[in-house]
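Q: Can we go through this one together? I'd like to start with how the helices sit.

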Amino acid sequence: WVIALQQYNILDSHDTQRVLAELNGNAALQKLAVVFQFCLPGVAGLYYGDEIGLKNDPALGPRACMNWDESKWDHDLFDFYQKIIYTRKTNPALIEGGFQILGFEEDFLVFLRETKDMKVIVALQRNQDTRPTKSFSVTKAGIDDGATFKEVFCGRVAEIKDGEIGFPELVQGGSIWILE
């Protein structure tokens with residue numbers, strides 16, 4: 001476990017295609033991958049430019065120079081990276097907490113990161129079709145009914161009822177739910 005907490009987790013590097021290129025420009029899937037990367041045990045490593053949507057250069061591939069012209073940045077993606085970095089740095093459960101897969105469905109994975117004082121549920125919705133409002137069992141997590149979780153990116157709230165979390169509609173991407 002000590003080694004897992006120190007593992008270097010990367011999505012791309014100078015030796016691979018940029019994650020956005022690998023995903024055919026799908027920013028929602030990039031965000032899903034980044035949520036997974038930042039919420040897994042280990043240390044998330046960023047390759048420069050991913051946070052602004054830097055594309056592969058025709059001649060240099062993923063080794064293109066950083067574009068410092070902010071007017072050409074994907075500011076939505078940049079804001080997303082700032083939010084997830086802040087979330088990771090300020091939540092001990094995401095840094096040193098335990099890891100437990102709570103369950104999965106086709107194109108959907110839910111796992112828990114937790115410390116004694118904090119619980120974080122991560123939901124990854126890979127399908128491009130919106131996942132309808134639906135409850136998901138969290139009985140393995142030992143979370144009491146009535147507990148509420150707030151989603152980091154949009155502020156929605158989900159409550160535990162009868163051992164299930166009532167997820168609202170989820171679009172393609174990742175969501176992070178922190179116990180209030």
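**Helix packing and sheet**

A: Helix 3 and helix 4 are roughly parallel to each other. This is a predicted model.

Q: What angle do helix 3 and helix 4 pack at, and how far apart are their axes?
A: The angle is about 15°, and the axes are 10 Å apart. Helix 3 covers residues 27-39 and helix 4 covers residues 75-89. Angles under 35 degrees count as roughly parallel, and therefore the pair gets that label.

Q: Is the crossing right-handed or left-handed?
A: Helix 3 and helix 4 cross in a right-handed sense.

Q: Which residues make the contact?
A: Helix 3 contributes Q30, K31, V34, V35, F38 and C39. From helix 4 come D76, L77, F80, Y81, I84, I85 and R88.

Q: And by class?
A: The contact of helix 3 with helix 4 has nine nonpolar residues, one polar and three charged.

Q: F80 is on that list. Which ring does F80 stack with?
A: The partner is F153: the ring centres are 5.0 Å apart and the planes are at 25°, so the pair is stacked. F80 is in helix 4, while F153 is in the loop between strand 7 (148-151) and strand 8 (157-161). The two are 73 residues apart, so to speak a link between distant parts of the chain.

Q: How many aromatic pairs does the whole structure have?
A: A search finds nine.

Q: Switching to the sheet. What is the strand order?
A: Eight strands form an open sheet in the order 3-4-5-10-7-8-9-6, with antiparallel pairing. Strand 3 (98-105) and strand 6 (134-137) are the edge strands, each pairing on one side only. From one strand to the next, the twist averages 25°.

Q: Where does helix 3 lie on the sheet?
A: Helix 3 lies across strand 4, strand 5 (119-125) and strand 10 (173-179). Helix 3 runs at about 40° to strand 10.

Q: Back to the edge. How many bridges join strand 3 to strand 4?
A: Seven, and the two strands run antiparallel, with strand 4 at residues 108-114. G98 stands opposite E114, and Q100 stands opposite L112.

Q: What about the turn in that hairpin?
A: There are two residues between strand 3 and strand 4, and D107 takes a positive phi near 65°.

How values were computed. Residues are numbered from 1 along each chain as its sequence is written. This is a predicted model: local features need pLDDT of at least 70, side-chain atom pairs count only at pLDDT 80 or more; totals for chains, interfaces and linings use all residues. Side-chain values use heavy atoms; hydrogens and water are left out. Two strands pair if DSSP finds at least two bridges between them. Helices (H or I, at least four residues) and strands (E, at least two) are DSSP runs, numbered from the N terminus. Axes are lines fitted to C-alpha atoms, for helices over the stretch in contact, and angles run from 0 to 180 degrees between N-to-C directions. Contact means heavy atoms within 4.5 Å. Angles under 35 degrees count as roughly parallel, over 145 as roughly antiparallel, 65 to 115 as roughly perpendicular and the rest as oblique. A crossing is left-handed if the near helix is turned anticlockwise from the far one by less than a right angle, and right-handed if clockwise. Ala, Val, Leu, Ile, Met, Phe, Trp, Tyr, Cys and Pro count as nonpolar, Asp, Glu, Lys and Arg as charged, and the others, Gly among them, as polar. Rings of Phe, Tyr and Trp (its six-membered ring) pair if their centres lie within 6.5 Å; planes under 30 degrees apart count as stacked, over 60 as edge-to-face and the rest as tilted.
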